[in-house]
Amino acid sequence: MAISDGTGTHSLDPQPMSKFERMIRERIECTPEDPRAWYYLGSFLRSHGKLEEAEKALVMSLELEALNPDALVHLALIYNETDRFENGGPLWRPPH
């Protein structure tokens with residue numbers, strides 16, 4: 001969202017969406033069943049400190065592709081960064 005005043009137009013968003021994030025979100029809108037798109041969004045958001053949103057995207061990636069080791073690592077790192085590492089235990093156990 002933006003507002004205009006006598007000095008110009010100013011964004012009210014704390015962090016405007018980057019071109020990459022916008023592109024990935026558009027891809028997800030077109031193909032929401034694409035686990036790689038969810039993974040890319042999650043890893044991008046994690047690298048930008050948006051951990052809650054990143055966790056949701058990575059969980060969605062894993063729901064679509066359960067054995068994605070890259071998504072598992074990013075999710076475990078989020079749990080570690082948010083002092084919830086106990087949540088990461090099941091991520092490292094092989095499926096039965």
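Helices here are DSSP runs of H or I with at least four residues, numbered from the N terminus. With that settled, here are the close-ups, and bear in mind that the model is a predicted one.

**Figure 1. The whole chain, to get your bearings.** Our predicted protein chain carries 4 helices and 2 strands. Walk along the sequence and the order reads β-β-α-α-α-α. There are 96 residues in the protein chain, and 33% of them count as buried. If you look just at contacts with a separation of 6 or more, 33% come from residues 24 or more positions apart. As for the outside, the accessible surface is about 6,500 Å², and carbon and sulfur atoms own 58% of that.

**Figure 2. Ser-61, a serine in helix α3.** Ser-61 sits in helix α3. Is Ser-61 buried or exposed? Its relative accessibility is 0%, and the cut-off for buried is under 20%, so Ser-61 counts as buried. What covers this spot? Skipping the neighbours within four places in sequence, Ser-61 is in contact with Pro-35, Trp-38, Tyr-39, Asn-68 and Ala-71. Two of these names come back below: Ala-71 in the helix packing of Figure 3, and Tyr-39 in an aromatic pair.

**Figure 3. Helices α3 and α4, side by side.** Helix α3 spans residues 51–64 and helix α4 spans residues 69–81. They pack at an angle of about 150°, and their axes are 9 Å apart. Handedness fans, take note: the crossing of α3 and α4 is left-handed. On the α3 side, the contact is made by Leu-51, Ala-54, Glu-55, Leu-58, Val-59, Ser-61 and Leu-62. The α4 side puts in Ala-71, Leu-72, His-74, Leu-75, Ile-78, Tyr-79 and Glu-81. Sorted by class, the contact of α3 with α4 comes out as 10 nonpolar, 2 polar and 2 charged residues.

**Figure 4. Ile-78, zoomed in on helix α4.** Ile-78 belongs to helix α4. Its relative accessible area is 0%, so Ile-78 is buried. Which residues does Ile-78 touch, not counting residues up to four places away in sequence? The list is Arg-46, Leu-51, Ala-54, Glu-55, Leu-58 and Arg-84. From α3, the contact with α4 includes Leu-51, Ala-54, Glu-55 and Leu-58, so this view is handy to flip back and forth with Figure 3. For a distance check, try Ile-78 and Gly-49: they are 29 residues apart in sequence, and their C-alpha atoms are 9.6 Å apart in space.

**Figure 5. Phe-20 meets Phe-44.** The structure holds 2 aromatic pairs, and this view shows one of them, Phe-20 with Phe-44. A pair of aromatic rings is described by the distance of the centres and the angle of the planes. For Phe-20 and Phe-44 those values are 5.3 Å centre to centre and 50° between the planes, which makes the pair tilted. Phe-20 lies in helix α1 (residues 19–30) and Phe-44 in helix α2 (residues 35–47), so the pair ties together parts that are 24 residues apart in sequence. Phe-20 is partly exposed at 36% relative accessibility, whereas Phe-44 is buried with a relative accessible area of 14%.

**Figure 6. Tyr-39 and Tyr-40.** Here is another aromatic pair, formed by Tyr-39 and Tyr-40. The pair is tilted, with 5.5 Å centre to centre and 55° between the planes. Tyr-39 is buried, at a relative accessible area of 10%, while Tyr-40 is partly exposed at 37%. Tyr-39 is also in contact with Ser-61, which brings us back to Figure 2.

Definitions and conventions. Residues numbered from 1 in each chain as written. Predicted model: local features only at pLDDT ≥ 70, side-chain atom pairs only at ≥ 80, totals over all residues. Heavy atoms only, no water. Buried < 20%, exposed > 50% of the residue type's maximum accessible area, 1.4 Å probe, protein only. Contact = heavy atoms within 4.5 Å. Areas by Shrake-Rupley, 256 points an atom, 1.4 Å probe, with all protein chains shown as cover. Axes fitted to C-alpha atoms, helices over the stretch in contact; angles between N-to-C directions. Left-handed = near helix turned anticlockwise from the far one by under 90°. Nonpolar A, V, L, I, M, F, W, Y, C, P; charged D, E, K, R; others polar. Phe/Tyr/Trp six-rings, centres within 6.5 Å; stacked < 30°, edge-to-face > 60°.
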